[in-house]
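Trainee: I would like to learn how to read a structure like this one feature by feature. Could we go through it together, with the general idea and then the case at hand?

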Amino acid sequence: MTSYLWTPPAAPSLPVRGKTERLPVNRIFCVGRNYHAHAIEMGRPVDKAAERAFYFTKSPQALVESGATVPYPPETQNYHFEMELVLVIGKAGFRIPEAQAHEHIYGYATGLDMTRRDLQLVAREKGRPWDLGKDVEQSAVCSEVVPMAGVVLDQGGIQLAVNGVTQQQSNLDKLIWNIREIIADLSLYYHLQPGDLIYTGTPEGVGAVVPGDEITGQVEGVGEVLLHVGPAE
Ligand code: MN
């Protein structure tokens, strides 16, 4: 039995629909600019023929379950929502061919990639890492995991509302890099592991929230995600 100086923090995990066991979360990957209309609203259109997908990560400790109330985070005046389909890896793989990508899918969830947009844009303009904008405490919001082993989602509505007013509305068929392509490409860089979450990117309509706001999002055929934004600490 290993002894530690102090009690290690609990492993990040998520509930799984229809199961009592929780899914242990390994890493959190996020795809950048994966819907054309969002890439354009961010001032960085994507030419798929000329560029590859890119990724950033969030610490697994940034995970927070749907339904939570999180404090408005420090050092930002522009805290943004990004509604995303979350892909959950269930089987390890490295250099996975697109044709076998489905074998590595455990299921899906709905998530919010909450972002300090002001800090992300400063980092982008200055050529600095995105961590202060993206790896925000309690910023990887995720619903329960829906087991859908081997299922490749390639269409379905995705939407988000703030205080009941729709802000984002699109379809998974508008993903620039689809589920198979994401798994194949990301696995060129990383040995994917069970429990890896991949936030697949957000459609257009991102915007800021303020303390007191309630964010609700849905992906057709997967489920809902909910977040309450509390006062700043
Ligand atoms: Mn995102």
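Trainee: Which residues coordinate the manganese ion, and at what distances?

Mentor: Bear in mind throughout that this is a predicted model. In it, the manganese ion is coordinated by Glu82 and Glu84 through OE atoms and by Asp113 through an OD atom, at 2.0 to 2.1 Å. Along the sequence, these donor residues follow the spacing E-x1-E-x28-D.

Trainee: Are the donors Glu82 and Glu84 buried or exposed?

Mentor: The cut-off for calling a residue buried is a relative accessible area under 20%. Glu82 has a relative accessible area of 4%, and therefore counts as buried, and Glu84, with 1%, is likewise buried.

Trainee: How should I read a helix that has a covered side, and which residues of α2 are buried?

Mentor: The general idea is that an α-helix has 3.6 residues a turn, so residues three or four places apart point the same way. In α2, which spans residues 117-126, the buried residues are Arg117, Gln120, Ala123 and Arg124. Seen down the axis of α2, these buried residues fall within an arc of 125°, so they line one face of the helix. The face turned away from that buried side carries Glu125 and Lys126, which are exposed.

Trainee: What do the buried residues of α2 pack against, and what follows the helix?

Mentor: Their packing partners are α1 (36-41), β7 (79-81), β10 (115-116) and α3 (131-134). After the helix comes Gly127, whose phi is positive, near 70°.

Trainee: Arg117 belongs to that buried set. Which residues does Arg117 touch?

Mentor: Arg117 is buried, with a relative accessible area of 2%. If residues up to four places away in sequence are set aside, Arg117 touches His38, Met42, Asn78, His80, Phe81, Glu82, Lys134 and Val206, and one of these, Glu82, is a donor to the manganese ion. Within α2 itself, the side chains of Arg117 and Gln120 are joined by a polar contact of 2.8 Å.

Trainee: Let us turn to the strands. In what order do the strands of the open three-stranded sheet lie?

Mentor: Strands of a sheet pair through backbone hydrogen bonds, either parallel or antiparallel. Here the order of the open sheet is β10-β7-β16, and the pairing is antiparallel. The edge strands are β10 and β16 (207-208), each of which pairs on one side only. Between β7 and β10 there are two bridges in the antiparallel sense, and His80 stands opposite Thr115 in β10.

Trainee: Which strands does β9 pair with, and over how many bridges?

Mentor: β9 is joined to β8 (residues 83-89) by seven bridges, with the two strands running antiparallel. With β11 (residues 140-142), β9 forms three bridges, again in the antiparallel sense, and with β12 (residues 146-147) it forms two antiparallel bridges. Individual partners make these pairings easy to locate in the model: Val86 has Ala109 of β9 as its bridge partner, Leu112 stands opposite Val141 in β11, and Gly107 stands opposite Pro147 in β12.

Trainee: How many residues of β9 are buried?

Mentor: Strand β9, covering residues 105-113, is mostly covered, with eight of its nine residues buried.

Trainee: Where does Gln167 sit, and what is Gln167 in contact with?

Mentor: Gln167 lies in strand β14, residues 165-171, and counts as partly exposed at 37% relative accessibility. Leaving aside neighbours within four places in sequence, Gln167 is in contact with Phe81, Leu160, Ala161, Val162, Glu204 and Gly205. As for longer separations, Gln167 and Pro9 are 158 residues apart in sequence and 36 Å apart in space, taken C-alpha to C-alpha.

Trainee: How many disulfides does the structure contain?

Mentor: A disulfide is a covalent bond between the sulfur atoms of two cysteines. A search of the whole structure finds zero disulfides.

Trainee: Why is Cys30 not bonded to Cys142?

Mentor: The sulfur of Cys30 has its closest cysteine sulfur in Cys142, 11 Å away, and that is too far for a bond. Cys142 is accordingly in no disulfide either. Both cysteines are covered: Cys30 is buried with a relative accessible area of 0%, and Cys142 is buried with 1%.

Note on methods
Residues are numbered from 1 along each chain as its sequence is written. This is a predicted model: local features need pLDDT of at least 70, side-chain atom pairs count only at pLDDT 80 or more; totals for chains, interfaces and linings use all residues. Side-chain values use heavy atoms; hydrogens and water are left out. Donors are N, O and S atoms within 2.8 Å of the metal (3.2 Å for Na, K and Ca); water is not among the atoms, so sites may look incomplete. Buried means under 20% relative accessible area, exposed over 50%, partly exposed in between (1.4 Å probe, protein chains only). Helices (H or I, at least four residues) and strands (E, at least two) are DSSP runs, numbered from the N terminus. A polar contact is a pair of N or O atoms within 3.5 Å; within protein, one must be able to donate a hydrogen and the other to accept it, and residues adjacent in sequence count only if both atoms are side-chain atoms. Contact means heavy atoms within 4.5 Å. The arc is that of the directions from the helix axis to the C-beta atoms. A disulfide is a pair of cysteine sulfur atoms within 2.5 Å. Two strands pair if DSSP finds at least two bridges between them.
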